[in-house]
Amino acid sequence: MKARVTVFLIIVISVFIMFRLFFVLNKTIYSNVQMINNSEWLLSDTLTFEYFNEKPNINHHNIILFGKINQAYSYANLYLFVDVFFENNKIKRDTLNCVLYDSFGFPQQKNIGNTQFFKLDYLNTFNFETNKNYTFKIIHGMRDVNLIGIEKIGIKINKN
């Protein structure tokens with residue numbers, strides 16, 4: 001009986017320590033995903049992500065864009081226009097090329113069945129000012145007005 005209680009307590013303490021380490025080591029301070037209606041991203045659709053930085057700026061931050069496409073997407077890459085606004089003033093505009101497939105048609109990143117996931121490191125040393133609003137606006141830069149097969153686009157901000 002004592003052995004069972006001891007084993008049970010060891011398991012409970014181990015699980016508690018693992019969860020605690022997960023939350024301590026987690027560097028993500030913001031993450032948001034927007035679903036694309038009917039997997040069809042119109043050129044007129046602007047994806048907007050708003051972030052309010054409450055914490056003092058201790059170090060640089062990484063900004064990562066990620067998404068999910070399905071088998072209906074017919075291109076090997078995805079061009080994105082990203083506008084960064086600070087307190088409603090545009091401070092940066094970038095054109096990003098996210099390569100999804102190589103020249104042989106093999107996925108560059110993780111895929112599960114007919115679903116392709118992608119991740120793009122956008123900014124690696126971005127500093128946020130304390131108690132300020134930041135807005136990230138993303139539109140696609142492909143030639144088609146309507147992109148079919150894109151299911152979701154997201155943004156993640158990590159501490160360095």
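Helices (H or I, at least four residues) and strands (E, at least two) are DSSP runs, numbered from the N terminus. By that numbering, Glu87 falls in the loop between β5 and β6. The model described here is predicted. The briefing covers that loop, the salt bridges, the largest pocket and a nonpolar surface patch.

**Loop between β5 and β6**

- Most residues other than glycine have a negative phi.
- Glu87, which is not a glycine, has a positive phi of about 50°.
- The relative accessibility of Glu87 is 33%, so this residue counts as partly exposed.
- Asn88 also lies in the loop between β5 and β6.
- Although Asn88 is not a glycine, its phi is positive, at about 70°.
- Asn88 is classed as exposed because its relative accessible area is 70%, and the class begins over 50%.

**Salt bridges**

- Side chains of opposite charge can pair when their charged atoms come close.
- Four salt bridges are found when the whole structure is searched.
- Arg93 and Asp83 are joined by one of them, with an N to O distance of 3.4 Å.
- This pair links distant parts of the chain, ten residues apart: Arg93 belongs to strand β6 (residues 89-99) and Asp83 to strand β5 (residues 77-86).
- Asp83 also meets Lys90 in a salt bridge, at 3.9 Å from N to O.
- Asp83, Lys90 and Arg93 are thus linked in a network of salt bridges.
- Within this network, Asp83 counts as buried because its relative accessibility is 11%, and buried means under 20%.
- Lys90 has a relative accessible area of 46% and is therefore partly exposed.
- Arg93, at 43% relative accessibility, is partly exposed.
- A further salt bridge pairs Lys92 with Asp94, whose closest N and O atoms are 3.6 Å apart.
- In that pair, Lys92 is partly exposed, with 29% relative accessible area, whereas Asp94 is buried at 18% relative accessibility.

**Largest pocket**

- The space in the largest pocket amounts to about 200 Å³.
- Its lining consists of Val33, Phe66, Gly67, Phe117, Phe118, Lys119, Lys152 and Lys156.
- Two or more lining residues come from each of β4 (61-69), β8 (115-126) and β11 (150-159).
- β8 provides the largest share of the lining, with three residues.
- Sorted by class, the lining holds four nonpolar residues, one polar residue and three charged residues.
- Gly67 is one of the lining residues, and glycine is counted as polar in this classification.

**Nonpolar surface patch**

- Which residues form a nonpolar patch on the surface? They are Met1, Val5, Phe8, Leu9, Val12, Ile13, Phe16 and Ile17.
- Together, these residues have about 860 Å² of accessible area.
- Val12, one of the patch residues, is placed in helix α1 (residues 2-25).
- The relative accessible area of Val12 is 40%, so Val12 is partly exposed.
- That value meets the patch criterion, because patches are made of residues with over 30% relative accessible area.

Key. Residues are numbered from 1 along each chain as its sequence is written. This is a predicted model: local features need pLDDT of at least 70, side-chain atom pairs count only at pLDDT 80 or more; totals for chains, interfaces and linings use all residues. Side-chain values use heavy atoms; hydrogens and water are left out. On a 1 Å grid over the protein atoms alone, a cavity is a set of points where a 1.4 Å probe fits but cannot get out, and a pocket is an open set with protein on both sides within 12 Å along at least five of seven lines; lining residues have an atom within 4 Å of a point. Grid points are joined across faces, edges and corners, and a volume is the space filled by probe spheres set on the points. Patches are made of residues with over 30% relative accessible area and no salt bridge: like charges are joined within 9 Å, nonpolar side chains (Val, Leu, Ile, Met, Phe, Trp, Tyr) within 5 Å. Accessible areas come from the Shrake-Rupley method with a 1.4 Å probe; for residues, only the protein chains shown count as cover. A salt bridge is a side-chain nitrogen of Lys or Arg within 4 Å of a carboxyl oxygen of Asp or Glu. Buried means under 20% relative accessible area, exposed over 50%, partly exposed in between (1.4 Å probe, protein chains only).
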